[in-house]
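User: I am new to this protein and would like to go through it step by step. Could you reason through each point with me and finish each answer on the value or name I ask for?

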Amino acid sequence: MRRLGVVVNPIAGMGGRVGLKGTDGKVAEARERGAEQRAPDRAREMLTELADIGADVQLVSWGGEMGETAAKAAGFEPEVLGHPEGEETTAEDTCRAVEAFLSADLDLVLFVGGDGTAADVAETIADADSELPILGVPAGVKVYSAVFAVSPEAAAHVAASFESTERAEVNDIDEDQYREGEVHTELRALASVPVAPQRQSSKQLSGGTVEGLVEGFVDELDPSRTYVLGPGGTLNTIKDRLGIDGTALGVDVYRDGEVLVADGAADDILDALGENNTVVISPIGGQGFIFGRGNQQISPDVIRQCDLEVVATRQKLDGIGALRVDTGDAELDESLRGWQRVRVGRYETRLVEVV
């Protein structure tokens with residue numbers, strides 16, 4: 001029987017759907033914008049899958065929304081080692097949980113959150129000179145690190161079956177700079193993680209030329225169509241070519257020479273959609289995600305009302321092999337799987353599988 005520690009950052013990812021690009025120091029503002037908690041649902045999805053596959057595990061958790069609630073909802077009776085100190089959970093609560101886990105004879109720590117949570121978990125373990133393996137269930141806005149499973153369900157399968165571990169990077173970025181359009185990644189820790197194909201790679205910066213695919217996209221613009229333009233370097237080049245003052249790391253809505261929404265939240269984007277709509281997105285280098293990483297503003301409701309156009313350089317596609325989706329809506333994810341045409345040049349496209 002494996003002993004698994006479960007710790008959830010309940011506020012992770014709350015800033016994504018409301019356009020804040022992160023939740024660090026922005027919890028109150030996220031709530032004012034109508035943000036809802038995302039991480040507890042992701043934790044339940046992972047633990048329900050763990051129960052459904054009949055994994056021979058014993059859970060150790062932190063109290064309340066930091067693990068205990070989700071574990072009980074999935075049918076487990078976890079051993080609870082402690083509780084958060086205040087009504088609003090903090091990074092210190094996560095660190096206290098992991099410190100307790102270090103003395104609990106665990107085989108793996110399953111944490112639910114984003115890169116900030118990953119750094120808190122990994123640094124606490126490193127400070128104790130421990131090699132306790134960790135695995136992240138992606139729930140944050142930024143998921144740059146290589147310590148996360150590709151989905152909550154994948155995390156359950158990896159936790160139940162992994163046989164070996166390897167070292168992986170934990171990276172984080174300054175969210176204030178990120179909101180200003182700058183990405184500065186910082187290596188926070190190296191962590192021991194399960195070896196598994198269901199674990200994502202660390203994010204890479206985009207490379208290669210994009211001029212051809214940008215010209216091809218612009219040549220085929222339909223003035224009657226509404227375009228939801230995602231974040232990232234490739235899309236920022238498209239925005240520059242269109243002559244619009246777009247946001248490099250946000251989501252903009254464009255139609256017939258006009259920016260309808262700049263750096264929009266999910267509801268803003270949904271309200272701006274027209275009769276014919278297209279989401280234009282580029283996969284994250286090194287990972288392949290087109291939805292669910294850094295662009296949660298493009299919500300399931302938005303995606304359902306849009307056609308999809310994926311653009312990427314050949315170099316980026318060569319580095320990822322496949323596309324991935326993690327919208328938080330299992331039915332939508334399933335409908336998006338299959339072969340997707342990706343524009344790689346002015347006239348050239350490539351078929352890439354969404355897995």
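User: In which loop is Asp256 found?
Analyst: This is a predicted model, and in it Asp256 counts as exposed, at 56% relative accessibility. Two strands flank the residue, one covering 252-255 and the other 258-261. Asp256 is therefore an exposed residue in the loop between strand E9 and strand E10.

User: What is the phi of Asp256, which is not a glycine?
Analyst: Most residues other than glycine have a negative phi. Asp256 is not a glycine, and yet its phi is positive, with a value of about 50°.

User: Where is Asp263 found, and is it buried or partly exposed?
Analyst: Asp263 also has a positive phi, of about 50°, although it is not a glycine. Its place is the loop between E10 and H10. Because buried means under 20% relative accessible area, and Asp263 has a relative accessible area of 28%, Asp263 is described as partly exposed.

User: Which helix gives the most to the negative patch?
Analyst: The patch of negative charge on the surface gathers Asp267, Asp268, Asp271 and Asp301. Asp301 has its place in helix H11, which covers residues 300-304, and it is partly exposed, with a relative accessible area of 47%. The helix of residues 266-272 gives the most, with three residues, and that is helix H10.

User: How far apart are N and O in the salt bridge of Glu68 and Lys72?
Analyst: Side chains of opposite charge can pair when their charged atoms come close. Glu68 and Lys72 are four residues apart in helix H3 (residues 68-73), so they are separated by about one helical turn. Glu68 is buried, with a relative accessible area of 16%, whereas Lys72 is partly exposed at 42%. Their side chains meet in a salt bridge, with an N to O distance of 3.0 Å.

User: How many residues apart are Arg199 and Glu166, which meet in a salt bridge?
Analyst: The side chains of Arg199 and Glu166 meet at 2.9 Å, N to O. The pair links distant parts of the chain, as Arg199 lies in the loop between strand E7 (185-194) and helix H8 (211-219), while Glu166 lies in strand E6 (residues 165-173). Arg199 counts as buried at 15% relative accessibility, and Glu166 counts as partly exposed at 34%. Along the sequence, the separation of the pair is 33 residues.

User: Which residue forms a salt bridge with Asp318?
Analyst: The closest N and O atoms of this salt bridge are 3.0 Å apart. Asp318 lies in helix H12 (residues 314-320) and its partner in strand E16 (residues 349-354), so the pair ties together parts that are 32 residues apart in sequence. Asp318 counts as exposed at 58% relative accessibility, whereas the partner is partly exposed, with a relative accessible area of 28%. That partner is Arg350.

User: Which residues are joined into one network by salt bridges that share partners, and how many salt bridges are there?
Analyst: Salt bridges that share partners join Arg42, Arg293 and Asp326 into one network. For the protein, the count of salt bridges comes to 19.

User: Is Thr94 buried or exposed?
Analyst: Thr94 is found in helix H4, which covers residues 91-101. Leaving aside residues up to four places away in sequence, Thr94 touches Val7, Met66, Thr117, Asp120 and Val121. Because its relative accessible area is 2%, and the cut-off for a buried residue is under 20%, Thr94 is buried.

User: What separation is there between the C-alpha atoms of Ser201 and Tyr144?
Analyst: Ser201 is found in the loop between E7 and H8, and it is partly exposed, with a relative accessible area of 39%. Not counting residues up to four places away in sequence, Ser201 touches Tyr144, Ser145, Ala146, Gly286 and Gln287. Although Ser201 and Tyr144 are 57 residues apart along the chain, their C-alpha atoms are separated by 8.2 Å.

User: What percentage of the residues in the protein is buried?
Analyst: The secondary structure of the protein comes to 13 helices and 16 strands. Among contacts with a separation of 6 or more, residues 24 or more positions apart account for 70%. Of the 355 residues in the protein, the buried ones make up 55%.

Technical notes. Residues numbered from 1 in each chain as written. Predicted model: local features only at pLDDT ≥ 70, side-chain atom pairs only at ≥ 80, totals over all residues. Heavy atoms only, no water. Patch = residues over 30% accessible without salt bridge, like charges linked within 9 Å, V, L, I, M, F, W, Y side chains within 5 Å. Areas by Shrake-Rupley, 256 points an atom, 1.4 Å probe, with all protein chains shown as cover. Salt bridge = Lys/Arg side-chain N within 4 Å of Asp/Glu carboxyl O. Lys, Arg positive; Asp, Glu negative; His and termini not counted. Charge placed at Lys NZ, Arg CZ, Asp CG, Glu CD. Buried < 20%, exposed > 50% of the residue type's maximum accessible area, 1.4 Å probe, protein only. Contact = heavy atoms within 4.5 Å.
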